[in-house]
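User: I should like to go through the reasoning behind the contacts described for this model. Please set each value against the criterion that applies to it.

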There are 2 protein chains.
Amino acid sequence: MIKIAENTIKRLIVYKKELNRLKAEGKKFIYSHVLAALSGSQPHLVRRDLMAVGYSGSPAHGYSVKELESSISDFLCSSRQVKVILIGIGNLGRAIIDYCHKQNPKIAISSAFDIDPNKINKEYHGVYCFHIDTARNYVIENEIKVAIITVPDSEAQTIATALSDAGIRGILNFTPGRLRVPENVYVENADMMLYLEKVIYFVQNV
Amino acid sequence: MIKIAENTIKRLIVYKKELNRLKAEGKKFIYSHVLAALSGSQPHLVRRDLMAVGYSGSPAHGYSVKELESSISDFLCSSRQVKVILIGIGNLGRAIIDYCHKQNPKIAISSAFDIDPNKINKEYHGVYCFHIDTARNYVIENEIKVAIITVPDSEAQTIATALSDAGIRGILNFTPGRLRVPENVYVENADMMLYLEKVIYFVQNV
DNA sequence: ATCACGCTGTGAAAATAATCACATATTATT
DNA sequence: AATAATATGTGATTATTTTCACAGCGTGAT
Ligand SMILES: NC(=O)c1ccc[n+]([C@@H]2O[C@H](COP(=O)([O-])OP(=O)(O)OC[C@H]3O[C@@H](n4cnc5c(N)ncnc54)[C@H](O)[C@@H]3O)[C@@H](O)[C@H]2O)c1
Ligand SMILES: NC(=O)c1ccc[n+]([C@@H]2O[C@H](COP(=O)([O-])OP(=O)(O)OC[C@H]3O[C@@H](n4cnc5c(N)ncnc54)[C@H](O)[C@@H]3O)[C@@H](O)[C@H]2O)c1
């Protein structure tokens with residue numbers, strides 16, 4: 001497969017989000033420069049990025065919103081339902097479950113896990129919470145590939161190791177520490193503090 | 001000022017975080033290859049990035065943890081206290097206040113704002129919540145430059161516009177929509193759904 | 001005192017990403 | 001049917017980012 005730049009992937013995900021919104025609004029066609037404006041990108045870059053996807057628009061109408069959305073979805077392989085688990089139903093965990101639930105029907109948090117007896121065997125926005133000790137089996141039996149980690153910092157590494165052993169291939173980590181995982185596990189760190197620092201830098205320096 | 005790549009800024013922020021941790025652990029010196037491993041970077045890249053900061057290490061011991069941390073802090077201008085406000089004390093807002101509080105003493109959420117009478121005039125992890133209508137004045141009087149937006153999607157644009165008018169220069173936006181703001185306002189979108197999609201892409205394609 | 005080692009700092013090279021520029025396609029209009 | 005207007009797709013170009021390679025330095029060993 002041809003290597004696609006990480007930035008391209010990030011932008012495609014944003015395009016897809018905007019296209020979904022446009023589709024819901026009933027818009028049929030869109031030009032590269034409009035999509036660029038909506039996505040914080042550039043017309044040239046939109047067209048370049050779409051080369052990777054392989055979908056062609058028409059010079060007259062631009063791109064079919066519906067077809068382009070579905071082409072990008074296919075390209076990103078997120079067209080079928082993807083099952084994800086979440087570990088740690090704390091403040092952040094609950095906010096994420098709520099959000100995910102509303103946001104993208106293609107991505108389903110299929111179960112959550114916690115260690116606190118008060119949280120286990122309850123449902124949060126339709127997501128059932130099990131004891132953490134059952135996570136391993138759950139991952140294996142349901143072939144779960146992606147996990148969201150929102151446990152306290154001190155627990156994150158243990159959880160990440162256990163999940164990797166069980167066959168998890170991707171982790172969205174909200175914990176500030178860096179996780180040590182096998183090479184074939186992809187980790188995305190989502191540390192809000194870093195985003196905030198970035199904002200502060202650009203406010204003070206640009 | 002010489003233009004610094006956005007990726008460099010992001011990495012410097014991570015280096016700083018790791019250095020802070022090392023400092024707390026009492027480590028005195030560190031080599032570029034060790035810092036690279038801790039930060040998910042490369043030794044060459046660490047050294048290249050540090051050229052922007054202007055701090056020099058010694059070939060014998062590497063970099064002084066304390067001095068390097070403080071040089072990066074100075075460079076990022078985040079050495080003095082920065083005051084930030086948060087709009088929308090919902091699930092996510094509360095999680096962030098709690099987190100920020102624990103995480104970085106240099107960055108203080110100085111106040112929060114909400115529209116719900118049940119939430120106003122209460123304290124959350126030491127952060128007092130005021131009525132949203134007082135936010136404008138607060139920003140002006142206290143010269144607040146950075147805001148975190150965690151209100152419902154439908155309210156985000158209104159809030160962003162009002163804050164921009166009042167002089168806000170940077171926004172960390174947790175809402176899925178794209179905000180239209182004046183050119184001199186820097187917006188960082190922190191949409192977890194996009195991070196999750198990215199993880200899913202890399203799990204399925206790499 | 002000298003040497004060997006291993007790291008830093010940085011110019012140069014390579015790789016990657018973004019932008020430009022234009023040939024090509026499609027439609028509306030006359 | 002010809003023409004004008006406008007947007008796409010992509011080779012070429014430019015800019016940026018990363019990696020390489022090595023000179024130079026400081027330390028500890030001999
Ligand atoms: N990345 C961010 O922006 C951000 C924001 C807020 C919080 N955080 C981080 O996210 C994490 C969670 O934050 P929070 O505010 O939700 O904390 P929290 O304490 O509210 O929630 C943590 C949850 O994890 C559960 N838990 C503890 N140990 C566990 C284990 N071994 N297995 C399974 N579950 C376990 C707890 O019972 C609790 O329900 C922390 O690391 C925090 O630093 C990150
Ligand atoms: N980016 C992410 O990863 C992520 C995750 C979870 C939620 N979200 C988003 O963050 C936002 C908040 O999510 P939440 O779960 O905390 O929602 P929530 O409903 O729990 O909280 C929203 C808060 O905003 C307050 N509010 C409403 N209108 C307001 C106004 N005009 N001025 C001031 N305050 C106002 C409400 O009273 C409430 O306290 C939503 O847009 C959601 O989609 C994002």
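Analyst: The model is predicted. Of the 24 residues around DNA strand C, the nearest are A:Arg48, B:Ser32, B:Arg48, B:Ser56 and B:Gly57. Sugar and phosphate make up 61% of the atoms of DNA strand C that come within 4 Å of the protein.

User: What makes the pair formed by A:Arg48 and a base oxygen of DNA strand C a polar contact?

Analyst: The criterion is a pair of N or O atoms within 3.5 Å. A side-chain N or O atom of A:Arg48 is 2.8 Å from a base oxygen of DNA strand C, so the pair meets the criterion.

User: How do you know that A:Arg11 and B:Tyr63 make polar contacts with phosphate oxygens of DNA strand C?

Analyst: For A:Arg11, an N or O atom of the side chain is 3.1 Å from a phosphate oxygen of the strand. For B:Tyr63, the corresponding value is 2.8 Å, again from a side-chain N or O atom to a phosphate oxygen. The limit is 3.5 Å, so both pairs qualify.

User: Which helices supply at least two residues each to the surface near DNA strand C?

Analyst: They are α1 (6-24) and α3 (43-53) of chain A, together with α2 (32-39) and α3 (43-53) of chain B. With four residues, α3(A) gives the most. By class, this surface has nine nonpolar, 10 polar and five charged residues.

User: Which residues come nearest to DNA strand D, and what share of its atoms within 4 Å of the protein belongs to sugar or phosphate?

Analyst: There are 23 residues around DNA strand D, and A:Ser32, A:Arg48, A:Ser56, A:Gly57 and A:Pro59 come nearest. Sugar or phosphate accounts for 62% of the strand atoms within 4 Å of the protein, and bases for the rest.

User: Why are A:Ser32, A:Arg48 and A:Pro59 said to make polar contacts with DNA strand D?

Analyst: A polar side-chain atom of A:Ser32 lies 2.6 Å from a phosphate oxygen, and one of A:Arg48 lies 2.4 Å from a base oxygen. In A:Pro59 a backbone N or O atom takes part, 2.8 Å from a sugar or linking oxygen. Each value is within 3.5 Å, so the three pairs count as polar contacts.

User: Which helix gives the most to the surface near DNA strand D?

Analyst: That helix is α3(B), with four residues. The elements that each supply at least two residues are α2 (32-39) and α3 of chain A, together with α1 (6-24) and α3 of chain B. The surface divides into eight nonpolar, 10 polar and five charged residues.

User: Why is the site of ligand 1 called shared between chains?

Analyst: Residues from chains A and B surround ligand 1, so the site is shared. The shell has 26 residues, and the closest are A:Asp114, A:Lys119, A:Asp153, A:Phe174 and A:Met192.

User: How do you know that A:Leu92, A:Ile115 and A:Lys119 make polar contacts with ligand 1?

Analyst: A polar backbone atom of A:Leu92 is 2.9 Å from an oxygen atom of the ligand. A backbone N or O atom of A:Ile115 lies 3.4 Å from a ligand nitrogen, and a side-chain N or O atom of A:Lys119 is 2.7 Å from a ligand oxygen. The cut-off is 3.5 Å, so the three pairs satisfy it. The protein covers 88% of the 840 Å² of accessible area that ligand 1 has on its own. Two or more residues of the shell come from each of α5 and α7 (153-166) of chain A and α5 of chain B.

User: Where does ligand 2 lie, and which residues are closest?

Analyst: Ligand 2 lies between chains A and B. Its 26 surrounding residues include, as the closest, B:Asp114, B:Lys119, B:Asp153, B:Phe174 and B:Met192.

User: What makes B:Thr175 count as a polar contact of ligand 2?

Analyst: A polar side-chain atom of B:Thr175 lies 3.5 Å from an oxygen atom of ligand 2. The stated value equals the cut-off of 3.5 Å, and the pair is listed as a contact. For B:Asp114, a polar side-chain atom lies 2.5 Å from a ligand oxygen. The protein covers 88% of the 830 Å² of accessible area that ligand 2 has on its own.

Note on methods: Residues numbered from 1 in each chain as written. Chains lettered and ligands numbered in written order. Predicted model: local features only at pLDDT ≥ 70, side-chain atom pairs only at ≥ 80, totals over all residues. Heavy atoms only, no water. Near = heavy atom within 4 Å. Polar contact = N/O pair within 3.5 Å; in protein donor to acceptor, adjacent residues only side chain to side chain. Areas by Shrake-Rupley, 256 points an atom, 1.4 Å probe, with all protein chains shown as cover. Nonpolar A, V, L, I, M, F, W, Y, C, P; charged D, E, K, R; others polar.
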